[in-house]
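Colleague: I'm new to reading helix packing. Could you walk me through this one?

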Amino acid sequence: MARGTPRSRAASRPGTSETAGTSKTKGETKTKGGTKPKGDTKQKGDTKPKGDTKPKRTPRSGRGPLRVLAQLLAMLCAFAFMVAFAVVLAKLTLQPSPASEALTHTNLSPGSSLRAYLDQPELRDAVRQIGGNLLLGVPFGILVPVLAPKARGVLRVLLLTATVMLLVEFAQGALVTGRAFDVDDVILNTTGALIGYLLLGRRLGRAVHAGEPRS
């Protein structure tokens, strides 16, 4: 019995060493399954190289001075046309007409003069009166968006046209013989500006002042 006990102890010792070995292998598997793959995933998920691949801005070409020169030429041409139009407008609206002094009267009710134009016996006279007032407003709708980049909106063009035509009508009624203030003329002039803006003024304003923000 005394001899058997050492053997059992000796037999248990290799077992303990084997279990220790197995625990070591388990420890090795733990070290193998450590945080190295997590470190690898961090390397894969690193976004620093992606940040370096941002597209760089290309330097501007030499079209800047040419663009500015083209804008200046377009604005100078528009200014020349506007001055010529102002001269024609002054001759048509501010020239005295003593012969028609007894026939003219101030009109403050919208639509009254339009009905009078349409009631004329000859269609040619109505077309001349209505069409002439419409044509007087068309240059405003075309030239204002080119001359004034901040007034490229349709409401601003109409407001500017109405203001100028109101001043012209007030000057007619107060200073010019044979002329009178007529609110229908202002309405027709402003409508002509709207037509000119929609047909050509909006496109010209965008082409000349491309890339400039509206105020």
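Colleague: How are helix 6 and helix 7 set to each other: roughly parallel, roughly antiparallel, roughly perpendicular or oblique?

Modeller: Keep in mind that this is a predicted model. Helix 6 covers residues 123–147, helix 7 covers residues 154–175, and they pack at an angle of about 130° with their axes 10 Å apart. Angles over 145 degrees count as roughly antiparallel and 65 to 115 as roughly perpendicular, so about 130° fits neither range. Helix 6 and helix 7 are therefore oblique.

Colleague: Which residues of helix 7 does helix 6 meet there?

Modeller: Start on the helix 6 side, with Leu136, Phe140, Gly141, Val144 and Pro145. By class, this contact has eight nonpolar, two polar and no charged residues. The partners in helix 7 are Val157, Leu160, Thr161, Val164 and Met165.

Colleague: On to helix 7 and helix 8: what classes of residue make up their contact?

Modeller: These two pack at an angle of about 145°, with their axes 9 Å apart. Helix 7 brings residues including Val157, Leu158 and Glu169, while helix 8 brings residues including Asp185, Asn189 and Tyr197. Sorted by class, the contact comes to ten nonpolar, three polar and two charged residues.

Colleague: And how does helix 6 lie relative to helix 8: roughly parallel or roughly antiparallel?

Modeller: Their axes come within 5 Å and cross at roughly 30°. Angles under 35 degrees count as roughly parallel, so that makes helix 6, relative to helix 8, roughly parallel.

Colleague: What is the handedness of that crossing, left-handed or right-handed?

Modeller: Let's take the pairs in turn. Helix 6 passes helix 7 in a right-handed crossing, and helix 7 passes helix 8 in a right-handed crossing too. For helix 6 passing helix 8, the crossing is right-handed.

Colleague: Where is the kink in helix 8 centred?

Modeller: Begin at the N-terminal end of helix 8, which Asp182 caps with a side-chain oxygen 3.1 Å from the backbone nitrogen of Asp184. Further along, helix 8 (residues 183–208) has a kink of about 60°. That kink is centred on Tyr197.

Definitions and conventions. Residues numbered from 1 in each chain as written. Predicted model: local features only at pLDDT ≥ 70, side-chain atom pairs only at ≥ 80, totals over all residues. Heavy atoms only, no water. Axes fitted to C-alpha atoms, helices over the stretch in contact; angles between N-to-C directions. Helix = DSSP H or I, 4+ residues; strand = E, 2+ residues; numbered from the N terminus. Left-handed = near helix turned anticlockwise from the far one by under 90°. Contact = heavy atoms within 4.5 Å. Nonpolar A, V, L, I, M, F, W, Y, C, P; charged D, E, K, R; others polar. Bend = angle between axes of the 7 residues up to and from the residue. Polar contact = N/O pair within 3.5 Å; in protein donor to acceptor, adjacent residues only side chain to side chain.
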